[in-house]
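Welcome! Take a moment to turn the model around on your screen, and then let us walk through it together.

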Amino acid sequence: MSRWIKMEEGYVCPLCMDRKNVIFTRNDILGTPICKKCSYKLWSDVYGHESRPESMLLDRLEELTPLSYEEYCLIELESVAGDLMDTLREYQTEISRLKGVINVRQGK
Ligand SMILES: [Zn+2]
């Protein structure tokens, strides 16, 4: 969810059809980028609900795919969890690098 990508001017978010957005993120449900605004809205629609909430964004998603609400939730959760794992690995690499720098300075 946090992997923002800049799309060429004129790219249209398939969920809101807004042409003014330039910041997008890949979306595993559609397999195509969606805008930042829809990305946040999608997350709030798929996480933490026992059943499908009323949502124009979900209505639109259902027009575009044959998947069920639970399938959207699973795909989106797996995608966000994957991004978090990548971020965690990057942080751990940076922590190791910094510890190495500090240890060298301290002559350890
Ligand atoms: Zn959008």
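## A helix and what it packs against

Let us begin with helix α1, whose buried residues pack against β2, β3, α2 (56-64) and α3. Keep in mind as you look that this is a predicted model. Which residues of α1 are buried? They are Cys38, Ser39, Leu42, Asp45 and Val46. Looking down the axis of α1, you will find these buried residues within an arc of 130°, so they line one face of the helix. There is a general reason for such a pattern: an α-helix has 3.6 residues a turn, so residues three or four places apart point the same way.

Now look at the other side of α1, where Tyr40 and Ser44 are exposed. Just past the end of this helix comes Gly48, with a positive phi of about 90°.

## The overall layout

Stepping back, you can count three helices and three strands in the protein. Along the sequence they follow the pattern β-β-β-α-α-α. The radius of gyration is 18 Å, well over the 13 Å that the globule rule gives for 108 residues, so the protein is more spread out than a compact globule.

Other values help to fill in this picture. Taken along the principal axes, the box filled by the C-alpha atoms is roughly 60 × 35 × 20 Å. Buried residues account for 15% of the 108 residues. Of the contacts between residues at least 6 apart in sequence, 37% join residues at least 24 apart.

## The sheet

The three strands form an open sheet in the order β1-β2-β3, and the pairing is antiparallel. Which strands sit at the edges? They are β1 (4-6) and β3 (34-35), each of which pairs on one side only. Strand β2 (residues 23-25) is joined to β3 by two bridges, and these two strands run antiparallel.

A good residue to pick out here is Phe24, which lies in strand β2 and stands opposite Cys35 in β3. Is Phe24 buried or exposed? Phe24 counts as buried because it has 20 C-beta neighbours inside 10 Å, and 20 is the number at which a residue is called buried. Leaving aside neighbours within four places in sequence, the contacts of Phe24 are Ile5, Met7, Pro33, Ile34, Cys35 and Lys36. You can also look from Phe24 across to Leu42 in the model: these residues are 18 apart along the chain, and their C-alpha atoms are separated by 13 Å.

## The nonpolar core

Next, try highlighting the largest nonpolar core, which has 11 residues. Its members are Cys13, Leu15, Phe24, Ile29, Ile34, Cys35, Cys38, Leu42, Val46, Leu61 and Tyr72. The elements that give two or more residues to this core are β3 and α1 (36-46). Which of the elements gives the most? That is α1, with three residues. In soluble globular proteins, nonpolar side chains tend to be buried together.

Leu61 is another core member worth a look. Not counting residues up to four places away in sequence, Leu61 touches Leu15, Ile29 and Tyr72.

## The helix α3

Now follow α3, which has 37 residues. From its first C-alpha to its last, this helix reaches 54 Å, close to the 54 Å expected at 1.5 Å a residue. How many of its residues are buried? The count is two, and α3 is hardly covered. After α3 comes Gly107, whose phi is positive, near 70°.

Asp83 makes a handy landmark in helix α3 (residues 69-105). Asp83 is partly exposed, with 15 other C-beta atoms within 10 Å. Although Asp83 and Pro33 are 50 residues apart along the chain, 15 Å separates their C-alpha atoms.

## A loop residue to notice

Finally, find Met17 in the loop between β1 and β2. What is the phi of Met17? Its phi is positive, about 60°, although Met17 is not a glycine. For background, most residues other than glycine have a negative phi. Met17 is exposed, with 9 other C-beta atoms within 10 Å.

Key. Residues are numbered from 1 along each chain as its sequence is written. This is a predicted model: local features need pLDDT of at least 70, side-chain atom pairs count only at pLDDT 80 or more; totals for chains, interfaces and linings use all residues. Two strands pair if DSSP finds at least two bridges between them. Helices (H or I, at least four residues) and strands (E, at least two) are DSSP runs, numbered from the N terminus. The radius of gyration is taken over C-alpha atoms; the globule rule is 2.2 Å times the number of residues to the power 0.38. A residue is buried if 20 or more other C-beta atoms lie within 10 Å of its own, exposed if 12 or fewer, and partly exposed in between; C-beta atoms are placed from the backbone. Two residues are in contact if their C-beta atoms, placed from the backbone, lie within 7 Å. A nonpolar core is a set of buried Ala, Val, Leu, Ile, Met, Phe, Trp, Tyr and Cys residues joined through C-beta atoms within 7 Å. The expected span of a helix is 1.5 Å times one less than its number of residues. The arc is that of the directions from the helix axis to the C-beta atoms.
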